[in-house]
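Hi,

Here is the structure I said I would pass on. Have a look at it first, and my notes on what turned up follow below.

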Amino acid sequence: MPDGIYIPKVGLGYAPAYQVSGIPYCTASMTIAASTSDPTILEFPSVTKSVTIFNPNANQVHVSISLNGMNNNRYAVVTANNGSLTWDVKVKDIFLRNSAASPTTVNVLAELTGIERNNLPNNWTGSVGVG
């Protein structure tokens, strides 16, 4: 490569990846774990720009961006009966669990970036407020 030419690397701090529309990711009727089970992990194919969880069921759903966060009550709540939650967040996985003692389903819509999963090795585990 000639001197003086800089080619930016696509990574978490690469602003253009978040300035364009995301690559669509959608899953419907995804079964998630009961409150008495380990959380269900949704692994995205690349780092997200945003994530929306729709809850068509009668119980609240807990959503976290780390297993530690889920197990230490650091999660967001998607309200019951058609509640939804949208996060503009850079993650490669989310952790979901029903608030009741039986499995349930959710619908997830995400905007993906072109940033590879390996650019976010720990998915924020250990970060302040995450777990």
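Before the notes, one term: a residue counts as buried when its relative accessible area is under 20%, as exposed when that area is over 50%, and as partly exposed in between. Please also keep in mind that this is a predicted model.

With that cut-off in hand, a good place to start is strand E3. Of its 10 residues, 9 are buried, so E3 is largely enclosed by the rest of the structure. E3 belongs to an open sheet of 4 strands, ordered E1-E8-E3-E6 and paired antiparallel. At the edges of that sheet you'll find E1 (23-32) and E6 (83-87), each of which pairs on one side only. On average, neighbouring strands here are turned by 20° against each other, if you ignore direction.

Both neighbours of E3 are worth tracing. On one side, E3 (residues 46-55) is joined to E8 (residues 104-116) by 7 bridges, and the two run antiparallel. Within that pairing, Val51 stands opposite Ala110, and Thr52 has Leu109 as its bridge partner. E3 is also joined to E6, by 5 bridges and again antiparallel; there, Phe54 faces Ser84.

One E3 residue I'd click on is Thr48. Thr48 is buried, with a relative accessible area of 0%. A polar atom of the Thr48 side chain lies 2.7 Å from the backbone oxygen of Val89. Leaving out residues up to four places away in sequence, Thr48 touches Tyr18, Val89, Lys90, Val91, Ala110, Glu111, Leu112 and Thr113.

For a contrast, go to Cys26, which sits in strand E1. Cys26 has a relative accessible area of 61%, so it is exposed. Neighbours within four places in sequence aside, Cys26 is in contact with Val108 and Leu109. Cys26 and Glu111 are 85 residues apart in sequence, yet their C-alpha atoms are 8.9 Å apart in space.

Now the second sheet. This one is also open, with 4 strands in the order E2-E7-E4-E5 and antiparallel pairing. E2 (40-43) and E5 are at its edges with a single partner strand each, so one side of each has no neighbour in the sheet. Neighbouring strands are turned by 30° against each other on average, direction ignored. E4 and E5 run antiparallel and are joined by 3 bridges, and Val61 stands opposite Val78 in E5.

Which residues have the most contacts inside the largest nonpolar core? They are Leu42, Phe44, Val51, Ile53, Ile94, Leu96 and Val106, in a core of 22 residues. At least two residues of this core come from each of E1, E3, E4 (61-64), E5 (76-78), E7 (93-98) and E8. E8 gives the most, with 4 residues. Ile53 is a handy one to centre your view on: not counting residues up to four places away in sequence, Ile53 touches Val63, Val78, Gly83, Ser84, Leu85, Ile94, Leu96, Val106, Asn107 and Val108. Apart from the largest core, another core has 5 residues, among them Ala17, Val47, Ile115 and Leu120.

Last, the charged pairs. Side chains of opposite charge can pair when their charged atoms come close. The count here comes to 2 salt bridges:

- Glu111 pairs with Lys49, with the closest N and O atoms 3.9 Å apart. This links distant parts of the chain, since Glu111 is in E8 and Lys49 is in E3, 62 residues apart. Glu111 is partly exposed, at 27% relative accessible area.
- Asp93 meets Arg117, at 3.1 Å from N to O. This pair links distant parts of the chain too: Asp93 is in E7 and Arg117 is in the segment after E8, 24 residues apart. Asp93 has 10% relative accessibility, so it counts as buried, while Arg117, at 23%, counts as partly exposed.

If you want a short route through all this, begin with E3, with its 9 buried residues out of 10, step across to E8 through their 7 bridges, and then look at the salt bridge between Glu111 and Lys49.

Cheers

Key:
Residues numbered from 1 in each chain as written. Predicted model: local features only at pLDDT ≥ 70, side-chain atom pairs only at ≥ 80, totals over all residues. Heavy atoms only, no water. Pairing = 2+ DSSP bridges. Axes fitted to C-alpha atoms, helices over the stretch in contact; angles between N-to-C directions. Buried < 20%, exposed > 50% of the residue type's maximum accessible area, 1.4 Å probe, protein only. Contact = heavy atoms within 4.5 Å. Core = buried A, V, L, I, M, F, W, Y, C linked by side-chain atoms within 4.5 Å. Salt bridge = Lys/Arg side-chain N within 4 Å of Asp/Glu carboxyl O. Polar contact = N/O pair within 3.5 Å; in protein donor to acceptor, adjacent residues only side chain to side chain.
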